[in-house]
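Below are my notes on the model you sent. They are set out as numbered points.

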Amino acid sequence: MNVELRHIHKHFGSVHANDDVSLTVAAGTIHGLLGENGAGKSTLVKILSGFITRDSGEIVLGGQPAHIQSPADALRYGIGMLHQDPLDFPPLTVIENFMAGSPATPALLNARAAERNFRALCRQFHFDLDPHARVSDLTVGERQQLEIVRLLANGAGTLILDEPTTGISATQKTLLFNALRQLAQEGKSIIFVSHKLEDVEALCDCVTVMRRGRVVGELNLRPYRANGQDAHGPTDQHFEVTARIVEMMFGKELALPVKPTTHQDDVILRLDGLLLRSDRLEMRIEHLAVRRGEVIGIAGLEGSGQQLFLLTCAGLEHPAAGSIHVDGRDLTRKPYSAFLKAGVCYLPADRLRDGLISGLSIQEHVALRMSNKGLFIDRAAAAQEAERAIATFNIRGRPDTAVEQLSGGNQQRTQLALMPSPLNVLLMEHPTRGLDIESTLWVWQQLIARCNQGTAILFASSDLDEIVQYSDRVIVFSGGRISPPIAAAELTADSLGQMIGGRF
Amino acid sequence: MEGTAAPQTMNPPAPIAGLPPTVYRIGAFVISLILVALVIFISGASPATVIGRMVGGAFGTADQIGRVIATLSPLLLCAAGLVYTFNAGLYNLGVEGQITFGAIAATWTLRLLYPEGATASLLPPPAAIALAILVGGVGGIAWGLLAGALHVYGRISEIFAGLGLNFAATGIAIYLIFGPWKRPGVASLSGTQPFDESLWLGTFGRTEATPVALALGLMALIITIGVMRNTYFGLRLRAVGRNLRAAYVLGVPARRQLLSAFLICGLFAGVAGALQVVGVFHRLIPNISSNLGFLGLLVVMLVNFDPLWILPVAFFFSALNIGSLQLPLSLGLESSLSGVIQGLLVLFALLGRGLAQKYGRKPEG
Amino acid sequence: MESGQLLIILATAIASATPLVFACIGETITERAGVINLSAEGTIMLCAMVGFVAAKTADNVWLGFLAAAIVGALIALVVAYGAITLKQSQIAIGFVLALLCSDLSAYLGNPYVRIPGPTVPPRFAIPLLQDIPFIGPLFFHEGDVLVYAGYALVGVTWLYFYRTRGGLTLRAIGEQPAAAFARGHNVIALRYAYTVIGGVLMGIAGAAFSLDFKAGWSYRHTAGYGWIALAIVIFGGWNPLRAALGAYLFGVLQSLAGVAQSAIPDVPTQAFTVAPFVLMILALVLTSSDWLDRLLSYLPVNVRRSLARAIHTAPPAALGRPFEQD
């Protein structure tokens, strides 16, 4: 079935998440949808699968306009979505998950019939799943396999996969790709949402790139793949595709470094033999020494482990192995409070969840930061400090404004204003996301002033310009690997794109 | 809007939507009053008569006013204590047990200092009473921290840990009353042997109200208002209660903060329990808490955790409790009407809050 | 003591746990759907009163049960509206209702205290089943209609949970409402429905006290049973069979307390009446904390896993949280 999305618009508050997006997926093809987090690709596929209702635009399936307002509607049109975190029921067994919500399930469960059906489908795709295992004991890859089998059993003709290759093993990836190719051959339409170039290149017939809510380019990959598919190792054509896609994703040229030299000689943060492990990723950093006043930019597609890395440096997660030294002190496996005492500060990306406290005002946040001084709140000092923060950081709000009433940009300014002083290491995710150009410039002025006072900054950003402009050195995260640091001045759009694509 | 899942996009634009939030709160309050009248009406009485009798029953004589104050004092202590746990995001249903255990600890102290029949001891009576109140507070702390430890370290819901400890405390009290501390002769539900009158807390005139209890209650409330408004401790508590994770990232020691809330609430509740022993019953009885802990929970819920409003609400609730005691005598009605009124007020305050949040006009900008 | 005598005591104890069985199954159903109905203490007590009054007034036991079921459903509706639609704290709403309904029962039930009223028809043994050795005398000899209905309820609920599509959906919406929504289920409507069904069963539990197992009505007639029902649901790991087992166990503990008391006269009676409550909570503390896991971690892996699964249970993942659909 051909799937067409025409002139889709969607606003979330003031954010134009989908701005006149059109996309056509031909039956029997695998269509890649690429873009950074926040580019609008998730919104688009959620509109198609009924999780989000569009503001305007049309969905056309097999030439007929489709009315999709809820996931149930989408299911009736045979559209199934595989979410990045599989939407399943972990304490239930595999076969129960397979049956739950299926229109084919009779009122009185017939586990034996379902199991026959399930085993047949699994065999078809060479999936090895135990119907009686609990889903909570499965790996993410196996849960995906379960979801695929379940969606197919429910008659899905269009399959949407959201970041399916995050956190699955190489074998599982091969299995998955083979299954998807097989399904495409059967005439199903497949939309493959990802930010991993290598996967898109290996699998997709066609790729659409989104940036800031708009489609910025499309590329037919078939001609490239026809020759290169069987070749071992990257070919020139391969490089050419990567270069073109990266260009679409990030723009043609990188900005020039603008940061003055601020770094001093002494090392403030030292990481040795660090092993980071989560249920999805495992990464290793042999050695990294950050000097006072230095800025390290962390590039890479989102979800490549940057957050885990920053949390570990902040003392909020513990490394599986290796050591962390701050200002010469060994802080490995020390409690978070020791990191705070050592002058480490972490500013999370999800401000209202991890960084600020809804219901408390700016002034109360300021006071909370002062809370190791004495018993009674020094209101005058807190008010003065809040006023100062509001003035210097140009926050649109009053000292008694509750933080959840601030706009996203103003919340970020508040977070920045709350940074303690003096500070040895500052860890940030997306320091200027949601800020306009002027404020971005201004925020970085403040941060560079901090560097001059001896603070080292490590920040992750999806804005490559920001990374190149303000970093001294850059490390790149890609698919569980971390590049050695490279001087920002030596980077080109092309070399950085290659590294983000996993080539280093 | 067709198909099985269509109603999922519910929240139809209700005809009552879009009014200022206060309208919903006042509306809910009015409904609760109507329901109170309805309940009284169902029981075959006239609401006006009943309310009249209750007012008379609470404020008719000095003795009655004294009883209101005698109820108010421990209620203030419990409500003040619960402000800490509520603001830390905890439902401390264990407060009843903390009162009971405080009462047990106080009784134990007095029995130790003044064994039955003894009139002289190491400590003179006033000092013995003070010590009993102090030990009562320590007992409350122990019971509070036990619930806190179960919650923080054992990851057991504080609600069930608290309820379980309530049963346990009542069990211990009953065991003591009918076992080791039983009255000479026959043990009974009426409690242990009353203490000598020298060990009773002094009262206002011949009423039941004791100045010490009232002073302690008011002090606890004032301290609590001060702590919540003016100290870093109170601010950290609110931070933890509203967003544990973010508070932790901002450097608040979350576990310590939670345990402190349990500790303080236990302390106040324990003191309240001790006061029930030395000021009201002068002995240990099975229901020594008189459900004041649960009443305190209602008070604090009604004022939405803001200690400033506790005094008037607690006073009103105490007056209801005492006023309703007249009902069985004069009208043949059950005294639990006070509980019905209190419950309806709080229930509809919660619903009104929800309605205001859901349908109330949002402030612009 | 003769074994025959003990068997009769146990059989009576099991029968007397019937109201708790109804309450626990009701709460289990509600909580499986992701809603905590903390009002159990008040619901059971108010419904006991309403059931008694209705039965007395109409002179018909079954109308009493009907009235109690309706009141139970209404209270559950308030919980559902406050918790699901208005997204207020389920704990706060349920707790206030627990106190409110208890007091309401005392206030409105005042004229009916300690007067005789209709009761459920007398006990009977079930033919054939009563002849099974040991099990027959224990389960099928001392019961009345309600006792046997209780067995049936447990069985039917279990079958519904684990052998029907509806039960599968019920378990699903309490675990991952978002995933259930993705599969086309109306999470909100289902949560309403199961909260009300749970309320109906709790209402029947109340009437079962006042019309059968603790016949009559008095001040705070069923005090404590609502809280213990909530604890048993957790103890039962949100599984109807285990919850029922917990309820029957509680009944046995209570009657054993009576026996023990006559055997150990030094310890006061009243201490024994509280003991089952305390024991139940202790068991709860043991089974729901992770201390047990730490203990188990010394055992070999395969033994540990099956043991942990048997003892340690997790609540429905979305229990107590409103479903935000976006």
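The points below take up confidence, chain C, the contacts between chains, and some helices of chains A and B.

1. Status of the model. This is a predicted model, and everything below should be read as such. For the complex, the predictor reports an ipTM of 0.91 and a pTM of 0.89. Chain C has a mean pLDDT of 87, with 87% of its residues at 70 or more.

2. Chain C overall. Chain C contains 15 helices and 0 strands. Of its 326 residues, 56% count as buried. When contacts in chain C between residues at least 6 apart in sequence are considered, 77% of them join residues at least 24 apart.

3. Chain A against chain C. Here 17 residues of chain A are in contact with 18 residues of chain C. On the chain A side, helix H2 (71–76) and helix H3 (94–99) each supply at least two residues. H2(A) gives the most, with 3 residues. By class, this side of chain A has 13 nonpolar, 2 polar and 2 charged residues.

4. Chain B against chain C: H14(B) and H5(C). Helix H14 of chain B (residues 337–359) and helix H5 of chain C (residues 90–108) have axes that come within 8 Å and cross at roughly 150°. An angle over 145 degrees counts as roughly antiparallel, and H14(B) and H5(C) are therefore roughly antiparallel to each other. Their crossing is left-handed. From H14(B) the contact takes B:Leu337, B:Gly339, B:Val340, B:Gly343, B:Leu344, B:Val346, B:Leu347 and B:Leu350. The residues of H5(C) in the contact include C:Ala92, C:Ile93, C:Val96, C:Leu97, C:Asp103 and C:Tyr107. Taken together, the residues of this contact divide into 14 nonpolar, 2 polar and 1 charged.

5. Within chain B: H1(B) and H14(B). H14(B) also meets helix H1 of chain B (residues 21–42), the two axes coming within 8 Å and crossing at roughly 155°. This pair too is therefore roughly antiparallel. The crossing of H1(B) and H14(B) is right-handed, whereas that of H14(B) and H5(C) is left-handed. Among the residues that H1(B) brings to the contact are B:Tyr24, B:Arg25, B:Ala28, B:Phe29, B:Ile31 and B:Leu35. Those from H14(B) include B:Val340, B:Leu344, B:Phe348, B:Gly352, B:Arg353 and B:Tyr359. B:Val340 and B:Leu344 are also listed in the contact with H5(C). The residues of the contact between H1(B) and H14(B) divide into 18 nonpolar, 3 polar and 2 charged.

6. B:Arg353. Is this residue of H14(B) buried or exposed? B:Arg353, which lies in helix H14 of chain B, has 20 C-beta neighbours inside 10 Å and so counts as buried. Leaving aside neighbours within four places in sequence, B:Arg353 is in contact with B:Arg25 and C:Gln88. The C-alpha atoms of B:Arg353 and B:Ala28 are separated by 8.7 Å, although these residues are 325 apart along the chain.

7. H10(A). Why can helix H10 of chain A (residues 306–314) be called largely enclosed by the rest of the structure? Of its 9 residues, 8 are buried, so the description holds. The buried residues are A:Gln306, A:Leu308, A:Phe309, A:Leu310, A:Leu311, A:Thr312, A:Cys313 and A:Ala314. Just after H10(A), A:Gly315 adopts a positive phi of about 85°.

Conventions. Residues are numbered from 1 along each chain as its sequence is written. Chains are lettered from A and ligands numbered from 1 in the order in which they are written. This is a predicted model: local features need pLDDT of at least 70, side-chain atom pairs count only at pLDDT 80 or more; totals for chains, interfaces and linings use all residues. A residue is buried if 20 or more other C-beta atoms lie within 10 Å of its own, exposed if 12 or fewer, and partly exposed in between; C-beta atoms are placed from the backbone. Helices (H or I, at least four residues) and strands (E, at least two) are DSSP runs, numbered from the N terminus. pLDDT is the predictor's confidence in each residue, from 0 to 100. Axes are lines fitted to C-alpha atoms, for helices over the stretch in contact, and angles run from 0 to 180 degrees between N-to-C directions. Angles under 35 degrees count as roughly parallel, over 145 as roughly antiparallel, 65 to 115 as roughly perpendicular and the rest as oblique. A crossing is left-handed if the near helix is turned anticlockwise from the far one by less than a right angle, and right-handed if clockwise. Two residues are in contact if their C-beta atoms, placed from the backbone, lie within 7 Å. Ala, Val, Leu, Ile, Met, Phe, Trp, Tyr, Cys and Pro count as nonpolar, Asp, Glu, Lys and Arg as charged, and the others, Gly among them, as polar.
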